[in-house]
Amino acid sequence: MGILFGTDGIRGLANKYPINCEIALQTGRAIGFFTKENGYSSVIIGKDTRISGDMLESALAAGVASTGMDVLLAGIIPTPGVAYLCSIAQNVGAGIVISASHNPYQDNGIKIFKHGGEKLSDKQENKIEDYILNQKNVPQGNVGKITVISDSLKQYADFLLTKFPFGKLNTRLKLIIDCSNGAASKISHIVFNDKLFDTQFIFDSPDGKNINQACGSQHTKKLQKRVCREKADLGLAFDGDADRLIAVDENGNVITGDRILAICAKFAKQKGDLHQNTVVSTIMSNIGLDEMLDNHGIQHIKSNVGDRKVLEQMKKSGAVIGGEDSGHIIFLDSHTTGDGLLCALKLIEVMLETKKTLSSLAAVMTVYPQVLKNIDVPEFLPDLLKKKLIADTIKEVECKLEGKGRVLIRYSGTQPLLRVMVEGPDQDLIDRYCDIICDSIKAAIKKEL
């Protein structure tokens, strides 16, 4: 990671460095030069529903146009929608998404796709970061135009529905969809329409400040209750930019990304569509996914955290299914990036083809108890994982787990946090072990301050 870029673009508190108008303008200019150098003439910009999105959109668009590149505004659209638009337009050299994903409305971010709809490589991010921080503005002879793509959502919705093999259903599944008051709020009505499904939508009225507020993929309790009350077949929860999906089965149980991977991998193998007989997940995936894939003779590759890292391993291995427990799921034979709405359609396809409930499908994988806690860490502190107190505590916990669990500690790529995960056979036990590790980290922080 560089100075500005984390695991998924540039993130921060809106209207403060680095998510302010000045950096947005310079970022737009840098992406304009990047686009020009690669022989393209335009850049697409999309956003989620945050109140700060319009401000950042204006600054980014001005920066791009100042380099002579044209700007195409896609409006409020899911992140994977921008990736799709980048993949079909010949003259588009980059796509920018203004979103902080599952974070609260006060945050925002800038994600970048290159031509073809894939996220930038580390090398390309470093080049753009160098433009932002070190290059002086060189006056250009031409100024680009800024125009609106009037049918961006229709184009994207049409694409999604081509990936769903049912044009008409004799029996419509009853769905409850939580749009997180985000980018899925409008397009979900188009994709999960009443010709195919019996759908009820919740949290689909964004006001600029209610995105991800006690709703969406991070907060599913209200969706769970609604599914049970309405006796629905399935609940679907997206995050703010709709590149994540968390599902809820007919009994109100949460089905996270690892179990969605397990369900879709088993189905793909049965159909002969699991290329290279391989699934990619991250080091954060549940031990239960390891066991399930091993029991079904499927190779399991683990990447570092981040859907970009998952995609890199998928391309290296030839895998077409990969993702994260957080709900970023990539179907590489259908799209270039993780897509919550596409994942929902794929999951529904499995339910319809197998004629099974989601709870019965999810039983293919046993989920080991897991606890994840975040600790605020001042950014100026040295690497705490090298501290003897913390290292010794981790070793002690790992010994007590006796190979029947694991400990994983990492810095967040998007926030000043240290994430502590403990996994094992007993919830009370791992809760206690996690607290022990967290206490050692807090003691180390206190010593440094």
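A residue is called buried when its relative accessible area is under 20%, exposed when that value is over 50%, and partly exposed in between (1.4 Å probe, protein chains only). By that yardstick R406 and E423 are both buried, and we will come back to them below.

First, a word on the model. This is a predicted model, in which local features need pLDDT of at least 70 and side-chain atom pairs count only at pLDDT 80 or more, while totals for chains, interfaces and linings use all residues. Residues are numbered from 1 along each chain as its sequence is written, and side-chain values use heavy atoms, with hydrogens and water left out.

## The seven-stranded sheet

Helices (H or I, at least four residues) and strands (E, at least two) are DSSP runs, numbered from the N terminus. Two strands pair if DSSP finds at least two bridges between them. With those terms in hand, you can trace an open sheet of 7 strands in the order β1-β2-β6-β5-β3-β4-β7, with mixed pairing. Its edge strands are β1 and β7 (146–148), each pairing on one side only.

Strand β6 (residues 107–114) is a good place to start looking. 7 of its 8 residues are buried, so β6 is largely enclosed by the rest of the structure. Strand β2 (residues 9–13) runs antiparallel to β6 and is joined to it by 4 bridges. Within that pairing, L13 has D107 as its bridge partner, and G12 has N108. Strand β5 (residues 92–98) also pairs with β6 in the antiparallel sense, over 5 bridges; here I98 stands opposite I110.

Helix α2 (residues 53–65) packs on this sheet, touching β3 (42–47), β4 (70–76), β5, β6 and β7, and its direction makes about 175° with that of β3. Axes are lines fitted to C-alpha atoms, for helices over the stretch in contact, and angles run from 0 to 180 degrees between N-to-C directions.

## The five-stranded sheet and the cores

Another open sheet has 5 strands in the order β9-β8-β10-β11-β12, again with mixed pairing. Here β9 (198–202) and β12 (254–255) are the edge strands. Strand β8 (residues 174–178) runs parallel to β9, and 5 bridges join them; D178 has I202 as its bridge partner in β9. Helix α11 packs on this sheet, touching β8, β10 (234–238) and β11 (245–248), with its direction at about 165° to that of β10.

A nonpolar core is a set of buried Ala, Val, Leu, Ile, Met, Phe, Trp, Tyr and Cys residues joined through side-chain atoms within 4.5 Å. The largest one has 69 residues, of which F192, F197, L236, F238, I260, L341 and I348 touch the most other members. Helix α11 (residues 340–354) gives the most to this core, with 10 residues. Contact means heavy atoms within 4.5 Å. Leaving aside neighbours within four places in sequence, I348 is in contact with F164, L173, L175, F192, F197, L234 and L236. A second, separate core of 30 residues includes I10, I19, F34 and V71.

## Salt bridges

A salt bridge is a side-chain nitrogen of Lys or Arg within 4 Å of a carboxyl oxygen of Asp or Glu. The structure holds 26 of them, including these three:

| Pair | Closest N to O | Burial |
|---|---|---|
| K119 and D8 | 3.0 Å | both buried |
| R406 and E423 | 3.0 Å | both buried |
| K387 and E448 | 2.7 Å | K387 partly exposed at 26%, E448 partly exposed at 32% |

The salt bridge of K119 with D8 joins two loops: K119 lies between β6 and α4 (122–134) and D8 between β1 (5–6) and β2, so the pair ties together parts that are 111 residues apart in sequence. Both residues also belong to a network of salt bridges that links D8, R11, K111, K119, D241, D243 and D307.

In the pair of K387 and E448, K387 lies in the loop between β17 (370–376) and α13 (388–401) and E448 in helix α14 (residues 427–448), so parts 61 residues apart in sequence are tied together. As for R406 and E423, R406 sits in strand β18 (residues 406–411) and E423 in strand β19 (residues 417–423), 17 residues apart.

## A helix pair

Helix α3 (residues 79–88) and helix α5 (residues 152–162) pack at an angle of about 85°, with their axes 10 Å apart. That makes α3 roughly perpendicular to α5, a label for angles of 65 to 115 degrees; those under 35 count as roughly parallel, those over 145 as roughly antiparallel and the rest as oblique. At this crossing, P80, G81, Y84, L85 and I88 in α3 meet S152, Q155, Y156 and F159 in α5.
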